[in-house]
Amino acid sequence: MAEIAIRAEDIAKRYRIGRLQERYRTLRGAVARGVRGLGVRFLGRDWRKDEYIWALDGVSFLVRPGEVLGVIGPNGAGKTTLLKILSRITCPTRGRAEICGRVGSLLEVGTGFHPELTGRENVFLSGAILGMRRREIERKFDQIVAFAELERFIDTPVKRYSSGMYVRLAFAVAAHLEPEILLVDEVLAVGDAAFQKKCTGKMTEVAGSGWTVLFVSHNMAAIEGLCSRVILLRGGRLECDGKPEEVVARYLLDRGPVQGDIDLRRHGGRPRGVNPVMHRVRFLDRHGRCVNTIGVGEDLIVEISGSCAERLIDVACGIRVMGVLGQRVTTFHTRYQYPGRIALEGAFVLRCRVRNLRLMPGEYSLMLVLTATEQPVDTVDGISFTVHERDVYRTGKMLPARCGPYVPDAVWDVQSSG
Amino acid sequence: MRRVSQGSRVVVLPPGRWPRIDWREIWQYRELLYFLTWRDVKVRYKQTMLGVGWAFLQPFLKLVVFSAVFGKLARLDSEGFPYPIFVYAGLLPWQFFSESLQRSSQSVVGAANLIRKVYFPRLIIPLASIGACLVDFGISFSILAGLMMYYHVPLRISLMLVPALVLLTVFIALGVGTLFSALNAAYRDFRYIVPFMVQIWMYLTPVIYSARAVPARWRFLLALNPMTGVVNGYRSAVLGTALDMSGLFFSLAAGLSLFIVAVYFFRKIESQMADIV
């Protein structure tokens, strides 16, 4: 038995910036680079020196067989790049990695699915692409279909599937991979709640069964629940490596200044492929001033603005408030708190006023969900928000954190005959 | 229940100066090659009314148009054979070659979503697209059989050469296709260059005309084109004319060197493919 499943030594990856604009190279670009190269050679300087960024800059770690390693970090920290290098999709610029065992990598759900092909055909195709043998797929075929709960539609082209069905089938194929080392990138954030539960269940099963897993996620609750060890990446460097609670706490602690006015159009907390409808969220105090934090017992106004191209009816907007570990603290939701029905068209503003906010001081993470006729329209997760201490009881004392997430507006009346 | 096999150990390194080609790995992924080929064939004629009929109809229509324009109107020299069978013996490999080149040159860019998300030897991609063209190639042989019956072309012993010629054609197509798939991944200009190039290339190959029609002092230019030997070879095999062995030999040599250059260039680009497609 090998002592080490993954050994990463000084892994670094350099990308050219402007990569998004000039995603691919052109002959003209090659000629221009050639000319520039001559300039460097003869003039001894390069006037476009900093056109590179290091997405990863010297990351080393070891993973032992059976370990479930969580990888966390802010957007752009290099988490996905790390997975791509370990799964050999892209080459490192420097360093080396050694991987002992059959690798299965899941960077997205449904890789290689073709819309024109039937569910059955896609199971075989996608299985082959993920590295399964044909025999293996044949053997597991019934299990896969049963897991996806798609027995009736397995011979229908997947382009006629609902997005939920599509994702279910895709995940079912991936879930039946049997690698020794599994590299997973945030694939749990798919499907409806029931299916997500099933996926998390599968992940827990995988994590407990002795596979080596490298798991990238923004969901701190999932990370703490599944992983035996966590590494924190920031700016392409490994900042911290240790027990899940400690590393997660450290990550949440210095996530940088919390903003009171957040542009949602290019927010990293939106699932891929979802069109931005909510464009901006602001936190306001009772005077309508934009604030970074709000004190316990004050009024908070959350203002979501955006615009929708077509008319949306039966709209519901929910703001889920999550604690640092991803646990739900409370929810603000039009379904329960707004009496009428909502229709939106063009530019819109939704304002939620929470009077006398009784949340324990600390960091919270908000998830904004917009639905129309029960169908999801837009979702943004991971909006941080801080509640700060105030002397709400006028005693000079604040409830300690262990007392729970709710700060009651409690008034004591004490009577004594003595 | 720890599953660790000593067998599969992978070392990830920065790309080296001289890429190594891991044929064993490509062999390990042969099932994927099969599935991707199968997908290409399956998807190509989905939701078309005629389905695989198109694989038959396309070369047939081309044959009709060429026979009418170049045979009847322009009256090109067809070495004494009926023009349709003369032109089809050349059109058959050419059609396969040009399809392969066009499809494979687009294949890597078209598989961008795969390349960015999963690892497998990328060479599989152009190979699979050429594999799918091979199916059409097989179907278009039925037209040749029909023409041979119609014009009472006897079944000669030279027809035994056809399998070897097919192999040679596939080989050249592999080389050129792989090269352009990598070039197109690196420089999207090739998306515009390739269709144009294919057209010009056809006129530089004795497909619609006979190599005999070219003045002797220019014939060496024609021979620089690896497809010349192939097309002439098919004609000799089908029509029983004298076989130009040196031409075939040159095609083989050119095909081989093209293939080696193409695969090395492909490997060179491969290491950054996920970042540029």
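**Notes on a predicted two-chain model**

1. Let me start at A:Asp10, which sits in strand 1 of chain A (helices, H or I of at least four residues, and strands, E of at least two, are DSSP runs numbered from the N terminus). A:Asp10 has a positive phi of about 55 degrees, although this residue is not a glycine. For background, most residues other than glycine have a negative phi. At 33% relative accessibility, A:Asp10 counts as partly exposed (buried means under 20% relative accessible area, exposed over 50%, and partly exposed in between, with a 1.4 Å probe and protein chains only).

2. A word on conventions. This is a predicted model in which local features need pLDDT of at least 70 and side-chain atom pairs count only at pLDDT 80 or more, while totals for chains, interfaces and linings use all residues. Residues are numbered from 1 along each chain as its sequence is written, chains are lettered from A and ligands numbered from 1 in the order in which they are written, and side-chain values use heavy atoms, with hydrogens and water left out.

3. A second positive phi is worth a look. In A:Glu374, again a residue other than glycine, phi is near 70 degrees. A:Glu374 lies in the loop between strand 17 and strand 18 of chain A, and this residue is exposed, with a relative accessible area of 66%.

4. The strands on either side of that loop belong to an open sheet of 5 strands in chain A, with the order 12-18-17-14-15 and mixed pairing (two strands pair if DSSP finds at least two bridges between them). At its edges are strand 12 (293-295) and strand 15 (328-333) of chain A, each pairing on one side only. From one strand to the next, the twist averages 30 degrees (axes are lines fitted to C-alpha atoms, for helices over the stretch in contact, and angles run from 0 to 180 degrees between N-to-C directions). Strand 17 (residues 362-372) and strand 18 (residues 375-388) of chain A run antiparallel and are joined by 10 bridges. Within strand 18 of chain A, A:Val387 is the residue that A:Gly362 stands opposite.

5. Please also check the open sheet of 4 strands in chain A, ordered 10-11-13-16 with antiparallel pairing. Strand 10 (261-263) and strand 16 (344-354) of chain A each have a single partner strand, so one side of each is left without a neighbour in the sheet. Here the twist averages 15 degrees from one strand to the next. Strand 13 (residues 300-312) of chain A pairs with strand 16 of chain A in the antiparallel sense over 10 bridges. A:Cys308 stands opposite A:Gly346, a residue of strand 16 of chain A.

6. Now the charged pairs: over all chains, the structure holds 35 salt bridges (a side-chain nitrogen of Lys or Arg within 4 Å of a carboxyl oxygen of Asp or Glu). One of them links A:Glu9 and A:Arg96, with the closest N and O atoms 3.7 Å apart. A:Glu9 is in strand 1 (residues 6-16) and A:Arg96 in strand 4 (residues 94-100) of chain A, so the pair ties together parts that are 87 residues apart in sequence. A:Glu9 is partly exposed at 33%, and A:Arg96 is partly exposed at 29%. Both also appear in a network of salt bridges that links A:Arg7, A:Glu9, A:Arg96, A:Glu98 and B:Arg9.

7. A salt bridge between the chains deserves its own point. B:Lys42 and A:Glu121 bring their closest N and O atoms to 2.9 Å. B:Lys42 lies in helix 2 (residues 30-44) of chain B and A:Glu121 in helix 3 (residues 119-129) of chain A, so this pair joins two chains. Note the burial on each side: B:Lys42 is partly exposed at 32% relative accessibility, whereas A:Glu121 is buried, with a relative accessible area of 11%.

8. Within chain A, A:Glu239 forms a salt bridge with A:Arg234, where the closest N and O atoms are 2.8 Å apart. A:Glu239 is partly exposed at 29% relative accessibility, and A:Arg234 is partly exposed with 22%.

9. Last, the surface of chain B. B:Trp218, B:Phe220, B:Leu221, B:Leu224 and B:Phe250 form a nonpolar surface patch with about 520 Å² of accessible area together. Patches are made of residues with over 30% relative accessible area and no salt bridge, joining like charges within 9 Å and nonpolar side chains (Val, Leu, Ile, Met, Phe, Trp, Tyr) within 5 Å. The areas come from the Shrake-Rupley method with a 1.4 Å probe, and for residues only the protein chains shown count as cover. B:Leu224 is placed in the loop between helix 9 (219-223) and helix 10 (226-239) of chain B, and B:Leu224 is exposed, with a relative accessible area of 52%.
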